[in-house]
Amino acid sequence: MKLVKCIQWSVLVLFVGLLLVPSGSDLAVLNAQEEKKTEQQKEDEVLDLEEAEKQAAKPTSDVGYTKEEYDAFQKALNNPDLKLRAEELMQFAKDKPESKLREHALNAVPAVMAELYQAKDMASLAPVAESYLELKPGDEAALGVATEAFYTNKDYAKATKYGEAFYEKKPSPELAQLLAHSFDQLKNDGKFANYAEKALGNMSPQDAFFYSAKLSYYYANRKDIGRAATHCQKMMSAYGDGEPPPGYTADKWNQEKARSYAIIGRNYYERKQFANAVSAFNNSLKYYRQNDEAYYYMGMSYWSANDPTNALKSFAKSYSLNKAYAKTARDKMETLYKALNNGSVEGIDRILRAAAAEMR
């Protein structure tokens, strides 16, 4: 079952940029997220570009940069190609680590990222954001746009790399959903389950359905019946006996209901809620009469609830299906029958024949 086919991810892929990438072309875009400064400090650090050319004629020690550095900075800043502009500004920052213009070059890059985001040029935005993070590790805004850009480009390995770092700084159900889907695409079931659980909190049962379905299989395969049952119950509350979920045929949905109610029944049995267990197993058998496991645990539930007659019938039906639980069901049946008949199994064949006839 492919989760991506059933969820409108186009709504999710916008959230990072919409929340974290403001518009505008000034050089100070997003810089406020790196550190808090007083208004006076900001004014002191603003570069007067009109004076810069005059200042460049002074000794480097006076202004902090040479005319050649200023010309290179201006050339990069005025490059009409957004991707090349960002690359040249960052290259300037790498090549001129001592220049007073270095921080201004770096501070100009977020504005370029904002323009690339608004232009929906995710192919260019992804490497720009990644390069910026090499120079500004942990920058929250850059992590956000890198996550979305790589996710949009279906580079799920890098989407998760930056997305997990972003989640540590700014956790949200929406980001958890993006990470869950990305890890699902990478076949990383453990990480998928971790983030899917985080994503479910604010989702309706129907919106959460495909996560619940996948999580129910994940936990069932790990014999964590309690958690598997929780997600099976969420699935049933989302659709139940109504129309099948998107992507399901009626037959496939019946199979899913049989499986889910059997897991719910097993959970009730393990919690010693035997009446609820019998009810859940009966629901399972409505959709799949050949479920030997459901009959077996129904027999165990009846036995535990001091109803030996129905327990024997259930064990006999499980045995008659000649599947995985046949031997275990026959052993339990004989043990119970002997306890009721002074150690004798005489007459047990009548119960087995009746069960086999009923299952035809």
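Let us begin with how the chain folds back on itself: among contacts (heavy atoms within 4.5 Å) with a separation of 6 or more, residues 24 or more positions apart account for 55%. The model is predicted, so local features need pLDDT of at least 70 and side-chain atom pairs count only at pLDDT 80 or more, while totals for chains, interfaces and linings use all residues. Residues are numbered from 1 along each chain as its sequence is written, and side-chain values use heavy atoms, with hydrogens and water left out.

The chain holds 21 helices and 0 strands. Both kinds of element are DSSP runs numbered from the N terminus, with helices being H or I of at least four residues and strands being E of at least two. Of the 360 residues in the chain, 47% are buried. Here buried stands for under 20% relative accessible area, exposed for over 50%, and partly exposed for what lies in between (1.4 Å probe, protein chains only).

Now to how helices pack. Two packed helices are described by the angle between their axes and the distance between the axes. Axes are lines fitted to C-alpha atoms, for helices over the stretch in contact, and angles run from 0 to 180 degrees between N-to-C directions. Take helix α7 (residues 82-95) and helix α8 (residues 102-118): their axes come within 9 Å and cross at roughly 160°. That makes α7 roughly antiparallel to α8; angles over 145 degrees earn this name, those under 35 count as roughly parallel, 65 to 115 as roughly perpendicular, and the rest as oblique. The crossing of α7 and α8 is left-handed, a word used if the near helix is turned anticlockwise from the far one by less than a right angle, with right-handed used if clockwise. From α7 the contact includes Leu-82, Leu-89 and Phe-92, and from α8 it includes Leu-106, Val-109 and Leu-116.

Further along the chain, helix α12 (residues 173-185) and helix α13 (residues 189-199) have axes that come within 8 Å and cross at roughly 155°. This makes α12 roughly antiparallel to α13, and their crossing is left-handed. Among the residues that meet are Leu-179, Ala-180 and Phe-183 in α12, and Phe-192, Tyr-195 and Ala-196 in α13. Phe-192 has another partner too: the charged end of Lys-214 sits over the Phe-192 ring, 5.6 Å from its centre. A charge sits over a ring if NZ of Lys or CZ of Arg is within 6 Å of the ring centre and within 35 degrees of the ring normal. Arg-330 likewise lies over the face of Tyr-319, at 5.2 Å from the ring centre.

Rings also meet one another. A pair of aromatic rings is described by the distance of the centres and the angle of the planes. Rings of Phe, Tyr and Trp (its six-membered ring) pair if their centres lie within 6.5 Å, and the pair is stacked with planes under 30 degrees apart, edge-to-face over 60, and tilted for the rest. By this rule the count comes to 23 aromatic pairs. In one of them, Tyr-296 and Tyr-297 have ring centres 5.0 Å apart and planes at 80°, so the pair is edge-to-face. Both of these tyrosines, Tyr-296 and Tyr-297, are buried. Tyr-296 also pairs with Tyr-325: the centres are 5.2 Å apart and the planes at 35°, so this pair is tilted. It links distant parts of the chain, 29 residues apart, with Tyr-296 in helix α18 (residues 292-304) and Tyr-325 in the loop between α19 (308-320) and α20 (326-340). Tyr-296 has a relative accessible area of 6%, while Tyr-325, at 21%, counts as partly exposed.

These tyrosines belong to one aromatic cluster formed by Tyr-269, Phe-274, Phe-281, Tyr-296, Tyr-297, Trp-303, Phe-315 and Tyr-325. Tyr-269 is placed in helix α16 (residues 250-270) and is buried, with a relative accessible area of 17%. Its contacts include Phe-274, Tyr-297 and Met-300, leaving aside residues up to four places away in sequence.

Finally, look at three asparagines in loops. Asn-291, between α17 (274-287) and α18, is buried at 11% relative accessible area, and touches Ala-258 and Leu-321, among others. Asn-306, in the loop between α18 and α19, is exposed at 69% relative accessibility and has a positive phi near 60°. Asn-342, in the loop between α20 and α21 (348-359), is exposed at 82%, with a positive phi near 55°.
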